[in-house]
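Here's a quick tour for anyone opening this structure for the first time. Have a look around, and then we'll walk through a few of its parts.

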Amino acid sequence: MKRVLITGGAGFLGSHLCDRFIKEGYHVIAMDNLITGDLKNIEHLFKLPNFEFYHHDVSKFIHVPGELDYILHFASPASPIDYLKIPIQTLKVGSLGIHNCLGLARVKNARVLIASTSEVYGDPNVHPQTEEYWGNVNPVGPRGVYDEAKRFQEAMTMAYHTYHGLATRIVRIFNTYGPRMRLNDGRVLPAFIGQALRGEDLTMFGDGSQTRSFCYVDDLVEGIYRLLLSDYAYPVNIGNPDEITIKEFGEEIIKLTGTNQKLISLPLPTDDPKQRRPDITKAREILGWEPKVSRAEGLKITYEYFKSLPKEELFKMANHRDFQRKIF
């Protein structure tokens, strides 16, 4: 049985990856410090003999006994409301964290796949974004802690690939949604659905003309799995190229939820990307991958998940226990 370590394994994407690798017959080791992850996402796996959980911060030295075949580094705050509240931890997990994962991979002779992001493109001047685009990022802006952590992570990974000959893979993830997203994480989809369920008006930033492209989580996981098993070491965009404005998206959510709320406008945050759409030519050609789940289908599943949550989850504020203390 092959063994895989998934950092950030109790998070939104990490937990879905745990499910996929369990389904594929792997021994899965999930690692998470639970700052933004939640054990509820993986509690259904604890009874399995081929699943382990380590409560650990990957920014500190990592020790995993036994052999490892693969390491997937998905530990990181991933929404503005998180990385603006814990900026230093965000930078550390993308620098010290990846260094520890790559060092472990060398010792174990394991293949590493890292979760990068469309945020490496910043507020892009090229549309749609290809992997060859170097990006338009403000390193000292409020979003810079996340953008630059991921850019450094890519650079460190490629250095280990070229200098040490380590087998590495880099996935650049575009906006993804699905069950297990946190309602209070500040991203547009859970924010809109949460507001609709609470009977509040939906708040968009600016006039809502900025665009995003939403990929359902099962499609994303399939792309990541194919990339891990491929022979391609350079970054690959995985996302859905079906682009929509935030205003149109808000209207879709209102229609989906059957609520009568209005869309209201708030000031645009600093460095908020105006356009976001992946060019997935490489994913199609190298991995034979493209998204299968329509936005209408994916949103319906996600809405049913959010509706099933306990009422206290719906009203839990973003400044929950994870951010009650400063993290250095």
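Let's start with one pair of residues: H73 has I114 in β5 as its bridge partner. Keep in mind that this is a predicted model. That pair belongs to strand β4 (residues 70–73) and strand β5 (residues 111–117), which run parallel and are joined by 4 bridges.

Two helices lie against this part of the fold. Helix α4 packs on the sheet, and so does helix α6. Both touch β4, β5, β6 and β11. Here are their angles:

| Helix | Residues | Angle between directions |
|---|---|---|
| α4 | 144–164 | about 155° with β5 |
| α6 | 217–228 | about 160° with β6 |

Now zoom out to the whole sheet. How many strands form it, and in what order? There are 7, arranged as β3-β2-β1-β4-β5-β6-β11 in an open sheet with parallel pairing. At the edges stand β3 (51–55) and β11; each has a single partner strand, so one side of each has no neighbour in the sheet. From one strand to the next, the twist averages 20°.

The β11 edge is worth a stop. Its link to the sheet is strand β6 (residues 168–173), which runs parallel to β11 and is joined to it by 4 bridges. Within that pairing, I173 is matched with I238 of β11. In a regular strand, side chains alternate between the two faces of the sheet. Strand β11 (residues 235–238) shows this split: P235 and N237 point one way, while V236 and I238 point the other. Are these four buried or exposed? All are buried.

Next up is helix α5 (residues 188–198). Its buried residues are L189, P190, F192, I193, G194, Q195 and A196. What covers them? The cover includes β7 (176–177), β8 (202–205) and β13 (263–266), along with the helices α7 (246–257), α9 (295–307) and α10 (311–314). Just after α5 comes G199, with a positive phi of about 80°.

Finally, the cysteines. A disulfide is a covalent bond between the sulfur atoms of two cysteines. How many does a search of the whole structure find? The count is 0. For C18, the nearest cysteine sulfur belongs to C101 and is 14 Å away. For C215, the nearest is that of C18, at 19 Å. C18 is buried, with a relative accessible area of 0%, and C215 is buried too, at 0% relative accessibility.

How values were computed
Residues numbered from 1 in each chain as written. Predicted model: local features only at pLDDT ≥ 70, side-chain atom pairs only at ≥ 80, totals over all residues. Heavy atoms only, no water. Buried < 20%, exposed > 50% of the residue type's maximum accessible area, 1.4 Å probe, protein only. Contact = heavy atoms within 4.5 Å. Disulfide = S-S within 2.5 Å. Pairing = 2+ DSSP bridges. Axes fitted to C-alpha atoms, helices over the stretch in contact; angles between N-to-C directions.
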